[in-house]
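Open the model in your viewer and keep the selection tool at hand. Each stop below says what to select and what is there.

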Amino acid sequence: APLAGVIGWPIAHSRSPILHGYWLKRYSIDGHYIPMPVLPENLAETLRALPRLGFVGVNVTIPHKEAVLTLADVVTDRAALIGAANTLIFRPDGKIHADNTDGYGFIANLRHSIPEWNPDQGPAAVIGAGGAARAVVASLLDSGVAELRISNRTRVRSEQIRAEFGARVIVYDWAQAGNMLENATTVVNATSLGMQGKQPLRIPLDALSADALVTDLVYTPLVTPFLAEAQIRGCRTVDGLGMLLHQAAPGFERWFGQRPAIDDETRRVLL
Ligand code: ATR
């Protein structure tokens with residue numbers, strides 16, 4: 001039976017084993033998906049050992065998403081651009097293939113949730129410039145967004161993104177984050193603000209148009225204070241749980257040979 005899993009430290013909170021376990025059962029696949037706590041100092045040794053133990057690949061989470069790039073034999077362009085990988089494939093020839101499906105998951109979730117959404121209808125506004133934001137920026141630019149505005153508490157991180165991703169990226173100061181919402185048609189919270197136990201994201205929404213699609217990468221709670229405010233202003237909103245489901249599908253398909261369904265039943269498994 002093929003083995004896959006997720007490596008991280010800590011790993012107990014990962015929802016990936018529940019999701020992949022559900023899909024394995026749903027498709028009657030004789031395989032296993034195992035959560036594995038791996039300390040940073042054991043990462044290289046672990047990646048050498050897993051293929052020999054029958055693993056066909058793994059998901060990678062904090063704190064290993066960046067480090068695995070230097071240990072992989074083949075790194076996809078998007079993983080290199082984002083600077084992190086979340087999906088590894090152990091190929092039959094022994095080579096480790098590293099990819100990042102977060103940006104794909106982000107776009108697939110929006111397209112799936114709002115079929116008429118079109119990334120090139122107008123400017124996109126991204127709040128945050130961490131690892132998750134980099135995947136969002138890469139995928140939005142890849143989908144044809146002509147102007148991508150970004151604002152982050154630590155300004156140099158957004159300037160770094162502009163330096164790497166090019167002139168379609170426009171940096172806004174954190175104190176003026178509300179200004180970038182003016183005529184934006186896609187608005188994304190890619191910070192961790194609004195998560196259970198953290199403070200909410202507080203930026204002025206006066207410039208937000210009711211035509212904008214507003215989404216949040218935070219999915220606990222499903223409706224963050226930011227999404228709730230956007231709904232009051234008449235915006236369509238998309239929660240972050242779908243991104244988690246969609247980013248997982250390509251790995252599952254490559255490891256187990258079956259494209260998994262993402263439907264309401266799948267969502268319920270993670271709620
Ligand atoms: P991830 O990989 O999940 O994106 P990260 O790289 O730590 O995690 O990024 C977290 C994001 O949330 C960053 O944009 C961070 O802003 P900084 O770059 O200034 O740290 C943002 N963030 C977290 N807590 C915040 C807070 N209290 N106020 C504003 N932004 C915050």
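The tour goes from the domains to the sheet, then to an annotated residue and the core.

This is a predicted model, in which local features need pLDDT of at least 70, side-chain atom pairs count only at pLDDT 80 or more, and totals for chains, interfaces and linings use all residues. Residues are numbered from 1 along each chain as its sequence is written.

**Stop 1: the two domains**

Select residues 3-100 together with 243-270 and colour them as domain 1, then give domain 2 (103-239) another colour. These bounds come from an automatic or database domain assignment. The C-alpha centres of the two domains lie 26 Å apart. Where they touch, domain 1 gives 13 residues and domain 2 gives 13 residues; two residues are in contact if their C-beta atoms, placed from the backbone, lie within 7 Å. On the domain 1 side, α4 (77-82) and α9 each supply at least two residues. Five residues come from α9, the largest share of that side. Helices (H or I, at least four residues) and strands (E, at least two) are DSSP runs, numbered from the N terminus.

**Stop 2: the sheet**

Now show the strands. In what order do the six strands of the open sheet lie? The order is β2-β1-β3-β5-β6-β4, and the pairing is mixed. Two strands pair if DSSP finds at least two bridges between them. At the edges are β2 (32-37) and β4 (74-75), each of which pairs on one side only.

Select β1 (residues 3-8): six bridges join this strand to β2, and the two run parallel. L3 has H32 in β2 as its bridge partner.

At β4, two bridges make a parallel pairing with β6. Here V74 is partnered by H97 of β6. On β5, I89 also stands opposite H97. The pairing of β5 and β6 is antiparallel, over four bridges. Their hairpin has five residues between the strands, and G94 there takes a positive phi near 95°.

**Stop 3: helices on the sheet**

Select residues 43-52, helix α2, which lies across β1, β3 (55-60), β5 (87-90) and β6 (96-99) and runs at about 145° to β3. Helix α9 (residues 241-256) also packs on the sheet, where it touches β1, β3 and β5, and its direction makes about 170° with that of β3. For these angles, axes are lines fitted to C-alpha atoms, for helices over the stretch in contact, and the values run from 0 to 180 degrees between N-to-C directions.

**Stop 4: K65**

Select K65, which UniProt lists under "active site" in an unreviewed entry. Such annotations may be inferred rather than shown by experiment. The residue sits in the loop between β3 and α3 (67-71). Is K65 buried or exposed? K65 counts as buried because it has 22 C-beta neighbours inside 10 Å; buried means 20 or more, exposed 12 or fewer, and partly exposed in between, with C-beta atoms placed from the backbone. Beyond four places in sequence, K65 contacts V60, A84, A85, N86 and G131.

**Stop 5: the core**

Finish with V126, V136 and V137, which have the most contacts inside the largest nonpolar core, a set of 73 residues. Both domains give residues to this core, so it lies between them. A nonpolar core is a set of buried Ala, Val, Leu, Ile, Met, Phe, Trp, Tyr and Cys residues joined through C-beta atoms within 7 Å. Among the residues that V126 touches, beyond four places in sequence, are A133, L148 and V188.
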